[in-house]
Amino acid sequence: VLCGGPEQERRLKVLFHILDVNKDGGICVNDLTIGLKKLGVHRTETELRKIVKAGDKDLDGQLDFEEFVHYLRDHEKKLRLVFKSLDKKNDGRIDSQEIMQSLRDLGVHISEQQAEKILKSMDKNGTMTIDWNEWRDYHLLHPADNIPEIILYWKHSTIFDVGESLMVPDEFTAEERKTGMWWRHLVAGGGARARPGHCTSATSRH
């Protein structure tokens, strides 16, 4: 499905109505927490704050429908690029070998069993391959939109364990992402710089 088509518009409208828990026309962190739980999706408050902050153009602490659609369309485009980069065979599907190869290219070696565990977490139809729709739905309401952050998401979801010695910083600077320093940090076990969220819950409404 092409980005921005009528199917996408319908899908995002349904999603917005589910997540707008108090039906006030805007989605705040509190709405996201409750709405995603209904969908069986767990996100930390920090992750949800990142989503709202990234899409909140008028800085009112919530996403109206227009902001929601704009953010998710942009996010889908980035997820599509990551999907294409992992789809080595260019057949519209990702299999365990492609996940292993992509991680190996970045210096992380996982077993086929671990790669299959990653696949199973996203695979809705039991094919042991991931198509674009499965990939998109799994990552859509998570702020990660590039390979290093998506790998951290997999790791934090305890989908795979890449070894006790691997210290993963929770956030990478733009410079580290650009230069590849993020990966050297990760592989070398370089200082985890988890920064505690300093936002208050003032914008949350019940």
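The residues that line the second largest pocket of this predicted model divide into 9 nonpolar, 3 polar and 3 charged. That lining comprises 15 residues in total, and those that lie nearest the centre of the pocket are Leu15, Leu39, Val41, Asp137 and Leu141. Two elements, α1 (6-19) and α7 (132-139), give two or more residues each to the lining of this pocket, and the helix that gives the most is α1, with 4 residues. The space within the second largest pocket comes to about 370 Å³.

**Enclosed space**

Apart from the pocket, the count of cavities of 30 Å³ or more comes to 3, and the largest cavity holds about 60 Å³ of space. Its lining consists of Val82, Leu86, Ile99, Ser102, Leu103, Leu106, Trp135, Ile147, Ile150, Ile151 and Trp154. By class, these residues of the largest cavity are 10 nonpolar and 1 polar, with no charged residue in the lining. At least two lining residues are supplied by each of α4 (65-86), α5 (96-105) and α8 (147-156), and the largest share, 4 residues, comes from α8.

**Salt bridges**

The structure holds 10 salt bridges, and three of them are set out below with the distance between nitrogen and oxygen.

| Pair | N to O distance |
|---|---|
| Aspartate 105 and lysine 88 | 3.4 Å |
| Lysine 89 and aspartate 95 | 2.5 Å |
| Aspartate 137 and arginine 136 | 3.1 Å |

In the salt bridge between the side chains of aspartate 105 and lysine 88, the two partners belong to distant parts of the chain, 17 residues apart, since aspartate 105 sits in helix α5 while lysine 88 sits in the loop between α4 and β3 (93-94). How accessible are aspartate 105 and lysine 88? Aspartate 105 has a relative accessible area of 48% and is therefore partly exposed, and lysine 88, at 43% relative accessibility, also counts as partly exposed.

For the salt bridge that lysine 89 forms with aspartate 95, the accessibility of the acidic partner can be stated: aspartate 95 has a relative accessible area of 17%, and because buried means under 20%, this residue counts as buried.

The salt bridge between aspartate 137 and arginine 136 brings the account back to the second largest pocket, as aspartate 137 is among the residues that lie nearest the centre of that pocket. Are aspartate 137 and arginine 136 buried or partly exposed? Aspartate 137 is partly exposed, with a relative accessible area of 34%, whereas arginine 136 has a relative accessible area of 5% and is therefore buried.

Beyond these pairs, Glu7, Arg11 and Glu76 are linked with one another in a network of salt bridges.

**Helix α2 and its surroundings**

In helix α2, which spans residues 29-38, the buried residues are Val29, Asn30, Asp31, Leu32, Gly35 and Leu36. A general point about helices helps in reading such a list: an α-helix has 3.6 residues a turn, so residues three or four places apart point the same way. What covers the buried residues of α2 includes α1, β1 (26-27) and α3 (45-55); of these elements, α1 is also the one that gives the most to the lining of the second largest pocket. Just after α2, glycine 40 takes a positive phi of about 80°, and the residues nearest the centre of the second largest pocket include Leu39 and Val41.

Notes. Residues numbered from 1 in each chain as written. Predicted model: local features only at pLDDT ≥ 70, side-chain atom pairs only at ≥ 80, totals over all residues. Heavy atoms only, no water. 1 Å grid on protein atoms, 1.4 Å probe; cavity = no way out; pocket = protein on both sides within 12 Å on 5 of 7 lines; lining within 4 Å. Points joined across faces, edges and corners; volume = space filled by probe spheres on them. Nonpolar A, V, L, I, M, F, W, Y, C, P; charged D, E, K, R; others polar. Salt bridge = Lys/Arg side-chain N within 4 Å of Asp/Glu carboxyl O. Buried < 20%, exposed > 50% of the residue type's maximum accessible area, 1.4 Å probe, protein only. Contact = heavy atoms within 4.5 Å.
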